[in-house]
Amino acid sequence: MAAQRRITAIVPRPNNPDRISVRVDGKAVVVLSSARVAELGLQVGQAWDESLAQQADQAAAFDKALKRAMNRLAARAMSRRTLDRKLRDLGYDEPVRQRVLDRLTQLGYLDDEAYARAVIRDTLARKPAGPFLLRQKLMQKGLDRDIIDRLISEELGGVDSVEQAVDLARRRLRQMSRLDPPTRKRRLYGLLARRGFDPDAITAALTRLQQQIDASP
């Protein structure tokens, strides 16, 4: 009968003490974070069987996926669904991905609601926008519909969309002095529609500005 394999050394790597090389029968078999070594309860002299080897491989995959995920979040914020898709494209299976996403959520690095609020406020700070545009932007970023609907309602609840549309259209009118009134109105409608205002708000805004739209160049 072959002798049972055992862990012969658990050694921090010289360039990164948090990365631990696990050696079995004198040969390095896996590199894990110190947290994962503690989590698995690895010790020198411990038997290294197939089950433990599989657990160590899964832990190593988790460490790598977590590092990659954190690097991406450091570059820019994103939704849980978007990050999940990126990890999937990198080849990580669902159990590893979900564990990484849950850990990042627990640490506060992944927060779909906070991210959605930031997107809404940043969009509105740049230029007035209606609910249609905000909803489109948030859906493109992989946010859930229930979060989108609730936060748009909260963020725009006290906002007069017609007044916002009037403000945006009035500013654009200053650049249309050489255009005839029908062209001005058509372009203003297109602008407000692209910014996500609904037809009723657009019609009300353009009605308020009708005199300025009709003014001679």
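## Helix α2 against helix α4

For helices, an axis is a line fitted to C-alpha atoms over the stretch in contact, and angles run from 0 to 180 degrees between N-to-C directions. In this predicted model, helix α2 (residues 50–75) packs against helix α4 (residues 94–107) at an angle of about 50°, and their axes lie 9 Å apart. Angles of 65 to 115 degrees count as roughly perpendicular and those under 35 as roughly parallel, and α2 and α4 are therefore oblique to each other. The crossing in which α2 passes α4 is right-handed.

On the α2 side, the contact is made by A61, F62, A65, L66, A69, M70 and L73, while α4 contributes V96, R99, V100, R103 and L104. Sorted by character, the residues of this contact comprise 10 nonpolar and 2 charged, with no polar ones.

## Helix α2 against helix α3

Helix α2 also meets helix α3 (residues 80–89), and here the axes come within 11 Å and cross at roughly 130°. That angle makes α2 oblique to α3, and α2 passes α3 in a right-handed crossing.

The residues that make this contact are A65, A69, R72 and L73 from α2, together with L83, K86 and L87 from α3. They divide into 5 nonpolar and 2 charged, and no polar residue takes part. A65, A69 and L73 of α2 belong to the contact with α3 and are also listed in the contact with α4.

## Helix α9 against helix α10

Further along the chain, helix α9 (residues 181–194) and helix α10 (residues 199–208) have axes that come within 10 Å and cross at roughly 140°. These two helices are therefore oblique to each other, and α9 passes α10 in a right-handed crossing.

The contact is formed by K185, L188, Y189, L192 and A193 of α9 with P199, I202, A205 and L206 of α10. Of these residues, 8 are nonpolar and 1 is charged, and there are no polar ones.

## The largest pocket

The largest pocket has a volume of about 240 Å³, and its lining consists of N16, D18, R19, S33, R36, D63, K64, L66, K67 and M70. Two elements, β2 (16–24) and α2, each give two or more residues to this lining, and the largest share, 5 residues, comes from α2.

By character, the lining divides into 6 charged, 2 polar and 2 nonpolar residues. L66 and M70 are among the residues that line the pocket, and these α2 residues also take part in the contact with α4.

Technical notes. Residues are numbered from 1 along each chain as its sequence is written. This is a predicted model: local features need pLDDT of at least 70, side-chain atom pairs count only at pLDDT 80 or more; totals for chains, interfaces and linings use all residues. Side-chain values use heavy atoms; hydrogens and water are left out. Helices (H or I, at least four residues) and strands (E, at least two) are DSSP runs, numbered from the N terminus. Angles under 35 degrees count as roughly parallel, over 145 as roughly antiparallel, 65 to 115 as roughly perpendicular and the rest as oblique. A crossing is left-handed if the near helix is turned anticlockwise from the far one by less than a right angle, and right-handed if clockwise. Contact means heavy atoms within 4.5 Å. Ala, Val, Leu, Ile, Met, Phe, Trp, Tyr, Cys and Pro count as nonpolar, Asp, Glu, Lys and Arg as charged, and the others, Gly among them, as polar. On a 1 Å grid over the protein atoms alone, a cavity is a set of points where a 1.4 Å probe fits but cannot get out, and a pocket is an open set with protein on both sides within 12 Å along at least five of seven lines; lining residues have an atom within 4 Å of a point. Grid points are joined across faces, edges and corners, and a volume is the space filled by probe spheres set on the points.
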